[in-house]
Amino acid sequence: MQRSSEAAPAATPEQLAAVDAAIERLSPERGACLPILHAIQDALGFVPAEAVPRIAAALNVSRADVHGVLTYYHDFRTAPPGRRVLKLCRAEACQAVGCERLERHVRERHGAALGETSRDRALTAEAVYCLGNCALGPSVLLDGRLYGRVTPERLDALLAEGTDR
């Protein structure tokens, strides 16, 4: 799960409406906790803290149960991500071809250590442990799109392409 040095802001009424819509739509399903959390994150980019008691009440489970699911899975965020989301492969194949250099570059040049968002909120960097692109490492997933043979220079170019987002 994404670490944040700042507390997440309170959810807006619009965000709470999206939370409530996901709960209403999915709570009748068996095992609805994960689908609800995914729907909320798909809609908002993160799961606000205010969602936990609402989900718990709808599913008749404890807040601790919902919190446990939310924090167990690394893909869930409890704070809004940066404008761009970079997932850097840290698996053995990518390590063998220099993902540590890429990780250092992201931290030093873009101000986002893995698991964090840069101060300017431009970039959230996350570690993943295989993108299934082993022959083309180091690999990254940038805003949901897979790239292989990524160098620091290529990463800078990819990030620059999307600065108008």
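Which residue of β3 does V85 stand opposite? In this predicted model, V85 stands opposite T124 in β3. That pairing belongs to a sheet, and the paragraphs below start with the chain as a whole before coming back to the sheet.

The protein chain has seven helices and five strands. Read along the sequence, these elements follow the pattern α-α-α-α-β-α-α-β-β-β-β-α. The C-alpha trace spans about 50 × 30 × 25 Å along its principal axes. Of the 165 residues in the chain, 42% are buried. The accessible surface comes to about 9,200 Å², and carbon and sulfur atoms account for 50% of that area. Among contacts with a separation of 6 or more, 60% are between residues 24 or more positions apart. As for charge, the chain has 20 positive and 21 negative charges, and the mean positions of these two sets are 4 Å apart.

Next comes the sheet. Strands of a sheet pair through backbone hydrogen bonds, either parallel or antiparallel. Here the sheet is open, has five strands in the order β2-β3-β1-β4-β5, and shows mixed pairing. Its edge strands are β2 (116-117) and β5, each of which pairs on one side only. At the β2 end, β2 and β3 are antiparallel and are held in register by two bridges. One residue pair here is T117 with T124, its bridge partner in β3. T124 has already appeared as the residue that V85 stands opposite.

β1 can be taken with its two partners. With β3 it runs parallel, and six bridges join the two strands. With β4 the sense is antiparallel, over three bridges. On that side, K87 stands opposite L141 in β4.

How many of the six residues of β1 are buried? Six of the six are, and the strand is described as mostly covered. In a regular strand the side chains alternate between the two faces of the sheet. In β1, R84, L86 and L88 point one way, while V85, K87 and C89 point the other way, and all are buried.

Two helices pack on this sheet. α6 touches β1 (84-89), β3 and β4, and its direction makes about 150° with that of β1. Helix α7 (residues 152-161) touches β1, β3, β4 and β5, and its direction makes about 155° with that of β1.

A single residue of α6 gives a closer view. H105 is found in this helix, which covers residues 99-110. Is H105 buried or exposed? Its relative accessibility is 15%, so H105 counts as buried. Leaving aside neighbours within four places in sequence, H105 is in contact with H110, P152 and D156.The loops hold some backbone details. P138 is placed in the loop between β3 (123-128) and β4 (140-142). A cis peptide bond joins G137 and P138, with omega at about -5°. After β4 comes another loop, between β4 and β5 (145-147), and D143 lies in it. D143 is not a glycine, yet has a positive phi of about 50°. The relative accessible area of D143 is 28%, so this residue is partly exposed.

N60 also has a positive phi, near 55°, in a residue other than glycine. N60 lies in the loop between α3 (51-59) and α4 (63-72). Is N60 buried or exposed? N60 counts as exposed because its relative accessibility is 72%.

The last stop is E50, in the loop between α2 (33-44) and α3. With a relative accessible area of 27%, E50 is partly exposed. Apart from neighbours within four places in sequence, E50 is in contact with A10, A11 and L16. E50 can also be set against E92, which is 42 residues apart from it along the chain. The C-alpha atoms of E50 and E92 are separated by 38 Å.

Key: Residues are numbered from 1 along each chain as its sequence is written. This is a predicted model: local features need pLDDT of at least 70, side-chain atom pairs count only at pLDDT 80 or more; totals for chains, interfaces and linings use all residues. Side-chain values use heavy atoms; hydrogens and water are left out. Helices (H or I, at least four residues) and strands (E, at least two) are DSSP runs, numbered from the N terminus. Buried means under 20% relative accessible area, exposed over 50%, partly exposed in between (1.4 Å probe, protein chains only). Contact means heavy atoms within 4.5 Å. Accessible areas come from the Shrake-Rupley method with a 1.4 Å probe; for residues, only the protein chains shown count as cover. Lys and Arg count as positive and Asp and Glu as negative; His and the chain ends are not counted. The place of a charge is taken as NZ of Lys, CZ of Arg, CG of Asp or CD of Glu. Two strands pair if DSSP finds at least two bridges between them. Axes are lines fitted to C-alpha atoms, for helices over the stretch in contact, and angles run from 0 to 180 degrees between N-to-C directions.
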